[in-house]
Every structure is written in C-alpha cells, then in structure tokens.
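This briefing is for a reader who is meeting the structure for the first time. Please keep the sequence and the structure in view while reading the points below.

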Amino acid sequence: MECGEPAPAYTMTNTPPKSSTFDEHHPPSNEIIEKCVHCGFCLPVCPTYVLWGQEMDSPRGRIYLMKLAAEGGTDMNANWVGHFDTCLGCMACMTACPSGVDYGKLIEATRAQIERNTQRSPGEKRHRHFMFETFTRPERLKRLRLPLLVYQKSGLQAVVRASGILNFLPKKMQAMEALLPRLGPNEAIAEITPAIGEKRRRVGLLLGCVQREFFPQVNAATARVLAAEGCEVVAPQAQTCCGALLVHAGEEAAAVELAKKTIDAFERANVDAIVTNAAGCGSNVKEYGHLLRDDPAYAERAKKFAAKCKDISEVLTSFEPRAQRHPLKLRVAFHDSCHLQHALGVRSQPRALLAKIPDLQLAEIPEAAICCGSAGIYNLVQPDAANAIGDRKANLIAPLRADVVATGNPGCVLQLQSSLARNGHPTPVLHTIQLLDASIRGITPGNLLK
Ligand code: SF4
Ligand code: SF4
C-alpha cells in the first residue's frame with residue numbers, strides 16, 4: 001500500500017463491538033486513535049515502513065492494530081505484539097502527521113499493556129531484565145567501567161573483533177559488544193559548579209545514567225559551558241535514573257517510582273531550570289505530568305517539574321552568549337536525535353549554537369527526520385532492524401566528508417559510531433556541547449578528536 005491510499009483493513013471497524021482486549025489501566029486513548037484519518041503522510045518518515053514497506057509496520061498500520069485490540073477484534077498474540085516491538089518509538093510520525101495524532105502516548109500505553117498482559121520468552125525476559133537492572137542504575141554501570149577499560153585499553157577488544165569470534169555469539173550479544181562506548185577518563189561533576197562572572201541563572205543538571213558513567217566528558221562539558229555563560233549549576237548527587245528507558249519500554253510502574261525520586265531530588269535543589277543533555281531523558285521528564293497524573297501527591301509537582309526541564313541547547317540559546325568562542329575549523333554533520341527533534345521540537349537551537357562557532361562548517365544529513373536506529377534499547381533488542389537503519393544513516397553521512405558528527409543523545413552517539421565503523425567510515429561522533437566547550441576553551445580540532 002502506498003501512502004495516501006485508504007487502508008482496506010479499516011473496513012473491519014463495522015464488526016460488532018466486543019469488549020476490549022486491553023486492561024482498564026490507561027489503555028491507548030480512543031480519542032487519539034480516532035484522530036487518525038489514515039492519510040499516510042507519516043509513512044515515508046517511518047523507519048520500519050521505509051525498511052520493509054509493510055502497512056502493519058507503519059504508524060497507520062500500528063494505530064489500526066491498536067484500534068482492532070481496543071474493539072476486541074484481536075488478542076495480544078505474538079504477531080500483533082511483534083509490530084509494536086519493531087516500532088522505534090522515534091516519533092517521526094508525530095511530526096509528519098497533519099491531524100495531530102499523539103502517537104507517543106499511544107505507543108507508550110500499548111507497550112505498558114503488552115508488558116502487563118503478555119508473556120515474553122524466558123530468554124527475552126532475562127535480556128530485558130539485565131538491561132533494565134543495569135542501564136537504569138548508575139552504581140552498576142560504574143562497576144562495569146573497570147572491566148570495560150581493561151577490555152579496551154589492553155587491546156583485547158581489537159583482537160576479539162579481528163578474530164571473528166563474535167560471529168559465534170547470539171546477535172543480541174554481538175550488538176551489545178558493537179555498541180560499547182569508548183571509555184575515557186571519569187570526570188565527576190561537583191554538586192555545585194559556580195557561575196563564572198555575574199550569576200545569571202541557577203540551573204539543575206540531570207546527569208542521566210549512561211551519560212553519567214559512560215560519557216562523563218559530556219556532563220563535564222555541559223557544566224563548564226553553563227558556568228562560562230553565567231549559570232550556577234546544581235547537580236544533586238541524590239538523583240537517580242529518570243526512568244526514560246523504562247517508560248519507552250512499557251515498564252510503567254518502575255518508571256513512576258524513579259520519576260518521583262527525580263522530582264524529590266530536584267525540588268530540594270531549588271533551581272530556575274533543569275537542564276537535560278540526553279534527548280531520551282529530556283523527552284521523558286517533559287512527560288512527567290502525564291506519567292504521574294493519577295498520583296495526588298505528585299501530579300501537580302510533576303507538571304511544575306516538567307515545565308522547568310529544557311534541553312541544554314534551549315537553555316544556551318535563551319540568552320545572549322557571554323563566553324568568547326574560539327575558532328574550531330571543522331566540518332560538522334549534525335544529526336537530529338529523534339527525541340530532540342520530534343518529541344521536544346528542538347531543531348534550530350543546536351544548529352544555532354554550532355553556527356556561532358567561528359570557522360565551523362555545518363553539513364546537513366539527508367533524511368534528517370528518520371531515526372538512526374538507536375531508540376533507547378531498540379538496537380539491543382532488535383539488532384537486525386537497527387543495523388539496517390544504521391547502515392542507511394551511515395551511508396547518508398559518509399558522502400558529506402565531515403570531520404565529526406554532532407548530536408544530542410548518548411544513544412545516538414553509540415549507534416552512529418557503530419554504524420559508521422561497520423560501513424568503513426570511522427568518523428568520530430560527539431555531543432554538540434563538546435564542540436561548544438572546545439570552542440570556549442580554545443581546544444584545537446586535533447586535540448578534540450584524538
Ligand atoms: S514511532 Fe517511529 S517507528 Fe514507530 S510508527 Fe512512528 S515513525 Fe514508525
Ligand atoms: S497518523 Fe497522522 S499522518 Fe499517519 S495516517 Fe494517521 S492521520 Fe495520517
């Protein structure tokens with residue numbers, strides 16, 4: 001089926017109404033489902049539709065499957081679940097939709113229904129349990145740093161990769177190895193980083209989990225740039241995971257508990273704004289009002305908290321720059337993280353920050369609306385699809401002959417690095433804030449990229 005054509009399967013809505021397949025706890029909203037007019041404008045930006053050309057792996061098809069279950073026309077069988085497991089939750093369909101269908105809320109509710117009401121295989125359960133119990137706990141990620149450093153710095157990783165032994169591992173383990181971050185020195189963030197010069201704002205910094213332990217240089221650069229621009233930075237040491245991975249994977253109950261802890265930690269910090277530098281976390285905390293809507297003790301506080309949350313690029317473009325920018329002679333391909341561009345609507349701000357760096361040349365990546373294949377834990381649970389999407393992105397980046405790729409999400413950094421390397425283009429990938437930090441500190445391109 002082509003986009004713009006009516007979908008024949010929708011004729012089934014004439015079947016007599018039965019009771020819904022969903023349970024009563026926040027099923028996908030019928031009101032949102034009914035907003036879809038089946039126009040198909042979302043199809044060309046949907047990575048899975050672009051890959052496979054299958055209606056049921058498009059946003060329109062998935063909304064139809066939700067409607068079918070809501071009307072009792074299907075149970076949540078493995079085939080039905082599979083179409084939602086392959087959705088990246090990238091929200092490109094939301095930006096493309098002229099009818100304002102909030103697909104984000106639909107997929108979040110559907111995934112929570114799936115996790116509550118279906119059984120995954122023992123192997124899948126173990127895999128998901130490992131990811132949730134590891135990636136949402138900074139203290140556990142911290143314990144992985146030393147063995148990972150030894151694996152990388154001893155040369156063992158290079159030997160293992162060259163030997164071909166990884167090909168004998170299950171695909172999900174291969175994916176995990178390919179996505180390992182290149183660890184650098186650990187840079188701790190102080191509870192308070194004072195503003196340089198006259199204080200303009202007092203801001204909180206959400207440290208993230210993967211960002212905190214595997215990309216500490218990004219948090220350090222964020223704190224330095226904010227301080228250089230006159231912000232006092234508060235990084236509450238009591239902050240936990242914000243729950244982004246859990247929400248996006250349908251683990252609602254666990255995500256609610258982490259959201260409450262995050263709100264508690266930042267309320268005590270008494271800040272004007274809360275800065276996020278991981279787009280997945282940023283879009284999650286923005287939705288706390290929705291996540292905690294049933295909790296009388298937190299519903300209002302969650303809305304206030306969410307209103308304070310801003311991506312680092314939004315904060316830095318909200319006032320006149322004060323710190324001097326030094327030239328950084330680099331050609332930079334900018335990759336829009338999906339949660340930044342589609343969920344938060346932040347596209348122009350990171351480009352504006354980069355454009356103010358003297359000598360830096362910006363290059364636009366074609367098909368910017370389409371995901372790189374990272375999507376939270378997607379590249380770990382759907383490695384074949386993620387690799388295919390990543391290959392497509394890598395081959396769009398390569399002809400730009402960029403010195404570096406910049407983006408605003410740690411998951412995208414890992415996915416792009418791995419996809420570029422797999423396709424023979426080992427272009428470095430950095431967070432946008434690292435380029436700005438280097439420019440303010442007068443670091444040379446050679447030192448930045450070594
Ligand atoms: S969220 Fe992304 S992958 Fe899922 S239906 Fe929308 S465009 Fe497709
Ligand atoms: S989700 Fe929006 S763009 Fe996609 S088919 Fe429905 S109405 Fe059209």
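In this predicted model, Ala 333 has Ala 363 in strand S7 as its bridge partner. The pairing to which these strands belong, a second sheet, and the surroundings of two ligands are taken up in turn below.

**The sheet that contains S6 and S7**

- Strand S6, which covers residues 331-334, pairs with S7 in the parallel sense, and four bridges hold this pairing.
- These strands are part of an open sheet of four strands with parallel pairing, arranged in the order S7-S6-S8-S9.
- Strand S7 (361-364) and strand S9 (429-431) are at the edges and have a single partner strand each, so one side of each is left without a neighbour in the sheet.
- From one strand to the next, the twist in this sheet averages 35°.
- Helix H24, made up of residues 432-441, packs on the sheet, where it touches S6, strand S8 (404-407) and S9, and its direction makes about 75° with that of S9.

**The five-stranded sheet**

- Another open sheet is built from five strands in the order S1-S3-S2-S4-S5, and its pairing is mixed.
- Its edge strands are strand S1 (192-193) and strand S5 (309-311), each of which pairs on one side only.
- As general background, the strands of a sheet pair through backbone hydrogen bonds, and they do so either parallel or antiparallel.
- Strand S2 (residues 201-205) and strand S4 (residues 273-276) run parallel and are joined by three bridges, and Gly 204 stands opposite Ile 274 in S4.
- Helix H12, which spans residues 216-228, lies across S1, S2, strand S3 (231-234) and S4, and it runs at about 145° to S3.

**The surroundings of ligand 1**

- The residues around ligand 1 include the cysteines Cys 46, Cys 87, Cys 90 and Cys 93, and among the others are Pro 47, Pro 59, Arg 62, Met 91 and Tyr 103.
- Sorted by class, the shell around ligand 1 consists of nine nonpolar residues, one polar residue and one charged residue.

**The surroundings of ligand 2**

- Ligand 2 is surrounded by 13 residues, of which the closest are Cys 36, Cys 39, Gly 40, Cys 42 and Cys 97.
- Sorted by class, the shell around ligand 2 has nine nonpolar, three polar and one charged residues.
- The largest cavity is the space that ligand 2 takes up.

Conventions. Residues numbered from 1 in each chain as written. Chains lettered and ligands numbered in written order. Predicted model: local features only at pLDDT ≥ 70, side-chain atom pairs only at ≥ 80, totals over all residues. Heavy atoms only, no water. Pairing = 2+ DSSP bridges. Contact = heavy atoms within 4.5 Å. Axes fitted to C-alpha atoms, helices over the stretch in contact; angles between N-to-C directions. Near = heavy atom within 4 Å. 1 Å grid on protein atoms, 1.4 Å probe; cavity = no way out; pocket = protein on both sides within 12 Å on 5 of 7 lines; lining within 4 Å. Sits in = over half its atoms within 2 Å of the grid points. Nonpolar A, V, L, I, M, F, W, Y, C, P; charged D, E, K, R; others polar.
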